[in-house]
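Visitor: I am new to this structure. Could you show it to me and explain the terms as we go?

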Amino acid sequence: MPCAVAGPVPNSPIFQSPRIQTIFCKSLVSPNIRGPQSPSTSMLASSPPTSPLSFRAEKTKLESNSGALQKRKRPARIHIPVASSLGFGLETSRGDEQKIDVIEVNGDGYSVYCKRGRRGPLEDRYSASLDVNGDSKQALFGVFDGHGGPKAAEFASKNLDKNIISEISSGRGQKIETAIKNGYLITDKDFLEQSVGGGACCVTALIHKGNLAVSNAGDCRAVMSRGGVAEALTSDHQASREDERGRIEALGGYVDCYNGVWRVQGTLAVTRGIGDRHLKQWVTAEPDTKLVELKPECEFLILATDGLWDKVTNQEAVDIVRPLCVGVDKPELFSACKELSDLSLRRGSMDDISVMIIRLGQLAWQLSSGNKEN
């Protein structure tokens, strides 16, 4: 679902993120954001802007007399504040939401491609937190699929990573699964206090001490390539699941099926997520988490919204990405993201599609080497 954009903000040092040198990013990456009338050719930013995020929109006009194409006019760059120096957040004014068609990020070690669907404004968001706690071997990534508006996804993209990292750093000695769960629940509680509507499905991937901790609440999904074989690391929280129906019914709610889709209280097809105030008694933000030891055969990780997974199988996704990312001199993660999105579109997807691909093979070798040195 959609990614948002904010109105003009001061070009202040408050909003400037420091350059981060990590195994993921050689330099800070600015997403390229295009509106529906922008050129169709992919234009990745070649030089870093003054802010980690910039909003670029190009419009064309036709002369009323001759019909000749006038020169494209580019408005002044709008600097968008970043909530955390560790990640990327997008915020848009209500009017600008309608203008965003595509968001493109091509980093070193990960890439993101978000494509607006045909049902309304882009509501998806993403986050990428690098150098967690000053450790270049730790990182936290997320993809967020908003429903009922972009506010919940926007809030989660700017706050969930910080809350998880805070819980991990608390010194309470809690398990990593517990720290992640608390991060999700705190983010949900804080969002509900904002008194705004909507909700968001979430999937996050934390690289921590040689392990990959993947968590989800809702139907965003994480799929890993292990030597070319697709391995789903999450299970979609849909109302059609018997265990989820049982949980909701035990809480006094109900799940019914209309036009082949199971829905909580007859309205929402997912059973977990951030927000959804009117269904909070049954729709929990508590995630499921799976831990995976990173090994060299763990090649790459795909985080994506249901806009992809409703049309593309797990193995199809891995088969498309692998030739572009494994065993090549120059991995083309961004091209792989776009190919997956294009395939879903060709198969009739009407939904927003957001895809993030993270290289794991190189990281696994570095972690293994680091552990031997220690």
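Guide: This is a predicted model. A place to begin is the hairpin formed by β10 and β11, which has 2 residues between the strands. In its turn, Gly227 has a positive phi of about 60°.

Visitor: How do you know that β10 and β11 are paired?

Guide: Two strands pair if there are at least two bridges between them. Strand β10 (residues 221-226) and strand β11 (residues 229-232) are joined by 4 bridges, so they meet that condition. They run antiparallel. Within this pairing, Met224 has Glu231 of β11 as its bridge partner.

Visitor: What makes β16 a partner of β10?

Guide: The count of bridges again. Strand β16 (residues 298-304) is joined to β10 by 6 bridges, and at least two are needed, so the two strands pair. They also run antiparallel, and Ala222 stands opposite Leu303 in β16.

Visitor: Why is β10 called mostly covered?

Guide: A residue is buried when its relative accessible area is under 20%. In β10, 5 of its 6 residues are buried, so the strand is described as mostly covered.

Visitor: Now the helices. Why is α6 called roughly antiparallel to α7?

Guide: Helix α6 (residues 314-325) and helix α7 (residues 333-346) pack at an angle of about 155°, with their axes 9 Å apart. Angles over 145 degrees count as roughly antiparallel, so α6 is roughly antiparallel to α7. The crossing of α6 past α7 is right-handed.

Visitor: Which residues of α6 and α7 make the contact?

Guide: From α6 come Ala317, Ile320, Val321, Leu324 and Cys325. From α7 come Leu333, Ser335, Ala336, Glu339, Leu340 and Leu343. By class, the contact has 9 nonpolar, 1 polar and 1 charged residues.

Visitor: What makes α2 oblique to α3?

Guide: The axes of helix α2 (residues 151-168) and helix α3 (residues 176-192) come within 8 Å and cross at roughly 140°. Roughly antiparallel needs an angle over 145 degrees, and roughly perpendicular covers 65 to 115. The angle of roughly 140° falls in neither range, so α2 is oblique to α3. α2 passes α3 in a right-handed crossing.

Visitor: Which residues of α2 and α3 meet?

Guide: Among them are Phe155, Leu160 and Ile164 in α2, and Ile180, Tyr184 and Phe191 in α3. The residues of this contact divide into 12 nonpolar, 5 polar and 3 charged.

Methods
Residues numbered from 1 in each chain as written. Predicted model: local features only at pLDDT ≥ 70, side-chain atom pairs only at ≥ 80, totals over all residues. Heavy atoms only, no water. Axes fitted to C-alpha atoms, helices over the stretch in contact; angles between N-to-C directions. Parallel < 35°, antiparallel > 145°, perpendicular 65-115°, else oblique. Left-handed = near helix turned anticlockwise from the far one by under 90°. Contact = heavy atoms within 4.5 Å. Nonpolar A, V, L, I, M, F, W, Y, C, P; charged D, E, K, R; others polar. Buried < 20%, exposed > 50% of the residue type's maximum accessible area, 1.4 Å probe, protein only.
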